[in-house]
Amino acid sequence: MLDKNKKFSCSRRSFLKGIAATGATAAVGGSIFDFKPGSFKKAEAATGTSAKVFQNACPRNCYDTCAILSTVEDGVLKKVTGNPKNTYTRGRLCAKGFSYTRRVYSPDRIKYPMRQKGRGSGNWERISWDEALTEIAEKILQIKKEYGSTLPICLNKYSGNFDIMHYGIEGMFSSIGYTSRATGTPCWPAGIDAQTFDMGTIICNDPEDMVNSKYIILWGVNPAWCSVHSMYFVEEAKRRGCKVVAIDPILTQTASKADLYLQIKPSTDGALALGMVRYILDNELYDADWLTQNSIGYEQFFGYVKNNITLEWASEKTGIPEIVIENLAREYAATKPANIWIGYGMQRHTNGGANVRAIDALAAITGNIGKSGGGAQYAHLQTWGFNYHAMLQSPPEGSKGGKDRAINMNNFGAEVLGAKNPPIKMLWIACRNPMTQDPETSVIKKAFEAMDMVVTAEQFMTPTVEMSDIVLPVTTFFESPGINVSYWHWWMNLNEQAIKPMYEAKNDVEIAMKLSAKLNELEPGSCTFPTSGDLEEWVGKEFNDNIYKQFGIQHWKDLKKGPVKAKNSRVAWKDGKFLTPSGKYEFWSEEAFKFGHHPLPVYVEEMKATDNYPLRCISPHWKLNIHSQFQNLDWMEAINDAPSIEIHPRTAARYGIKNNDNVKMYNDLGYIILPAKITETVSEDIVVVYEAWYKNRNYNVNYTVKAIPADMGEKATGMPGISFHDNFVNITRV
Ligand SMILES: Nc1nc2c(c(=O)[nH]1)N[C@H]1C(S)=C(S)[C@@H](COP(=O)(O)OP(=O)(O)OC[C@H]3O[C@@H](n4cnc5c(=O)[nH]c(N)nc54)[C@H](O)[C@@H]3O)O[C@H]1N2
Ligand SMILES: Nc1nc2c(c(=O)[nH]1)N[C@H]1C(S)=C(S)[C@@H](COP(=O)(O)OP(=O)(O)OC[C@H]3O[C@@H](n4cnc5c(=O)[nH]c(N)nc54)[C@H](O)[C@@H]3O)O[C@H]1N2
Ligand SMILES: [Mo]
């Protein structure tokens, strides 16, 4: 399924196209935690008579993809709350979600199209939509004429808005010809490939099923910040007698809620998993029946572990005492069902994929895969079988260039600068902030500087907009309709238009329509994207019978009554039918070998510190933003901590650094200066700087992060992932 679509160039497109084509979903069955939605009526009753309540859906790149109820009075968005009909969201939002009423009306919104005289100059002037579109369309046509194709035009779109309709941005690009596309994802690809080699694709249990677990390992994942609604199910499992273990180099808020916290040395998770496997083997605690019935290659895997892995070695690698590894292995193997949640944070390493394979193997040998309350949870795309009507557009007849050109999203700056025959001359940025989110910010900046034209469609004046020539104001999701599903839970939420678009803002799909009209006006036949259409009707065009069947609805408008949950299996791999070439769980994966990896889940050496750069900087996700979103709002600024660099007391003492001292963190790529926060929550060999964008603050860890690829990701997403956390630095007091 994934293989044949590998050529598709943009982020999740290969998956989505594959799912759209096959209508693929998981097998049937499953147990669901029963929630009584009593407070829903209260939410409606609380609204006055002139008030209307709308169904909305948070479209951010977040596990939780929340179902929202919004109250609108006299055309003004007054209140947002979680929709209690959704048994995952359970009537709650996160702090970011509750700030939406400010985000929509923020004085900082981009209100109308603007042109900047000199990138980075701040010298902006308001222009009309017609002027903006004319200038952009003329540039597209001029490039096509000069270079003989539209390949010099590059799209970089990713995760600012995961509404299904927003794949119309890719559609807009397909409809002008063959173009260059930022391909791959900075997010989760190494882990996807790992699970694809082991099981054939990614599928996880319904997170609501965690309540059935007796043992949960939260492995390199921080749901207390990054998936707040999941914590309810972790806590409920605990209440029912489950033990919770957290494994992370940082004592996170999640770890603080666990029964056991293991401060592992970064990038050594595979060693811990394999050490546990060794103990389980030696003590014959594995599930031999499951292995013989459902897997191939376990004999070779066991041979590898017996010959290469010792507990002593695992302990030395991970920094976790042998006795602790033994206890963990024994408890994990003996307590059924046991669930491992594998985070995205832990796979952002040069051996991240291999580490995920080792953890999968641990879950498999103990017979936990395919069980309610068990599993190796990573993600799923089983509810994404839409038509991709907005996305699937064809190039105009006679388009030159042959096919789209893939530009690695995870080395975007260098690849844009290096593109030849033809070079890249124009960028279109949507749902993205590469100037803060991508590695090697200084190289990204150079790439922007080298362009003839940069267009960014945005809501706020981000550092990426600052490096653009034209900015186009886009709507928030309250201002236009859409449809959202999650890569974690199994709900579908309709997003109704609740208020009129603010100022001159337009939805990205509407922008595509207007651009198409302008291109065809200037050169008839130059763009195949529809030039008009009703956005709500377009939502309807994303649905098909398979989706209706999966969610048990007759028509998409049924969703106006509230979110619905998929009816099919929410226990991954329950039927033991894996989507690997052999149809079994593959400890031995020929497919992995084809992609240049060892066929077995072996340990791959982690990257190590050097004399010049002796500290590893981990730059994970922050609680009060989602990447470059939310933190720019005044409401968030009011409650947020100032950004800092977190340092262990002993490390700080070694460098003569005290709390709040200004610290320069540097390597041969660049540096940043931040106040020190001395804390025992980080281990001695690391420093922590959260990835974030703060308005008007010179704070961006990615100035120091090199574009070092992760080991895996190419099979499923077209490009390897990125090792954000293999960033070696030094520090000094300034
Ligand atoms: N150092 C470091 N860097 C990282 C990471 C890390 O762990 N460490 N994590 C990485 C990960 S996992 C990810 S997913 C990426 C995320 O990086 P991005 O995909 O760039 O994500 P966001 O910053 O959430 O969104 C980008 C922009 O989309 C805009 N936007 C929102 N809605 C819309 C819309 O409807 N239309 C348009 N046109 N724009 C919209 C927002 O205002 C925002 O400025 O960052 C990566 N960067
Ligand atoms: N509040 C908030 N929520 C978010 C996001 C956000 O930015 N803010 N981003 C969303 C997105 S796009 C994503 S991808 C997810 C990310 O969700 P998570 O994966 O939960 O979050 P991260 O912060 O990327 O990483 C989780 C943990 O991995 C740890 N880690 C790093 N290296 C290692 C390692 O080698 N071994 C182990 N065991 N742990 C390691 C980090 O210390 C961190 O605590 O969250 C989503 N939700
Ligand atoms: Mo992500």
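Let's start at aspartate 206, which sits in the loop between helix H7 (189-199) and strand S8. This is a predicted model, so side-chain atom pairs count only at pLDDT 80 or more. Is aspartate 206 buried or exposed? Its relative accessibility comes out at 1%, and since anything under 20% is classed as buried, aspartate 206 counts as buried. Its side chain has a polar partner too: it reaches the backbone nitrogen of glutamate 208 at 2.9 Å.

Follow the chain from that loop into S8 and you arrive at a sheet. It is an open one, with five strands in the order S10-S9-S8-S12-S13 and parallel pairing. The edges belong to S10 (260-262) and S13 (376-377); each has a single partner strand, so one side of each is left without a neighbour in the sheet. For S13 the partner is S12 (residues 338-342), and two bridges join the pair, which run parallel. If you want a residue to click on, try tryptophan 341, whose bridge partner in S13 is glutamine 377.

Glutamine 377 deserves a closer look. What is its relative accessible area, given that it belongs to an edge strand? The value is 3%, and because the cut-off for buried is under 20%, glutamine 377 is buried. Its list of contacts, leaving aside neighbours within four places in sequence, includes Asn339, Ile340, Trp341 and Ile342, along with Cys204, Asn205 and Trp488. A polar atom of the glutamine 377 side chain also lies 2.5 Å from the backbone oxygen of glycine 374.

Now for the helix that goes with this sheet. H16 lies across S8 (215-219), S12 and S13, and runs at about 170° to S12. You can check its geometry on the back of an envelope: H16 has 14 residues (352-365), and at 1.5 Å a residue they should span 20 Å; the end C-alpha atoms are 20 Å apart, which agrees. How many residues of H16 are buried? The count is 14 of the 14, so H16 is largely enclosed by the rest of the structure. Just after H16, glycine 367 takes a positive phi of about 70°.

Elsewhere in the chain, have a look at strand S17 (residues 470-473). In a regular strand the side chains alternate between the two faces of the sheet. In S17, Ile470 and Leu472 point one way while Val471 and Pro473 point the other way, and all are buried. S17 pairs in the antiparallel sense with S4 (residues 114-116) over two bridges, and in the parallel sense with S16 (residues 453-458) over four bridges. Valine 471 is a handy place to see both pairings: methionine 114 stands opposite valine 471, and threonine 456 has valine 471 as its bridge partner.

That leaves ligand 1. Which of the 32 residues around ligand 1 come nearest? They are Ser159, Gln437, Glu458, Asp508 and Ser628. Gln437 contributes through its backbone, with a polar backbone atom 2.8 Å from a nitrogen atom of ligand 1. Cysteine 431 offers a backbone contact as well, where an N or O atom lies 3.2 Å from a nitrogen atom of the ligand. Histidine 166 uses its side chain instead, placing an N or O atom 3.1 Å from an oxygen atom of ligand 1.

Note on methods. Residues are numbered from 1 along each chain as its sequence is written. Chains are lettered from A and ligands numbered from 1 in the order in which they are written. Side-chain values use heavy atoms; hydrogens and water are left out. The expected span of a helix is 1.5 Å times one less than its number of residues. Buried means under 20% relative accessible area, exposed over 50%, partly exposed in between (1.4 Å probe, protein chains only). Two strands pair if DSSP finds at least two bridges between them. Contact means heavy atoms within 4.5 Å. Axes are lines fitted to C-alpha atoms, for helices over the stretch in contact, and angles run from 0 to 180 degrees between N-to-C directions. A residue is near a molecule or strand if one of its heavy atoms lies within 4 Å of it. A polar contact is a pair of N or O atoms within 3.5 Å; within protein, one must be able to donate a hydrogen and the other to accept it, and residues adjacent in sequence count only if both atoms are side-chain atoms.
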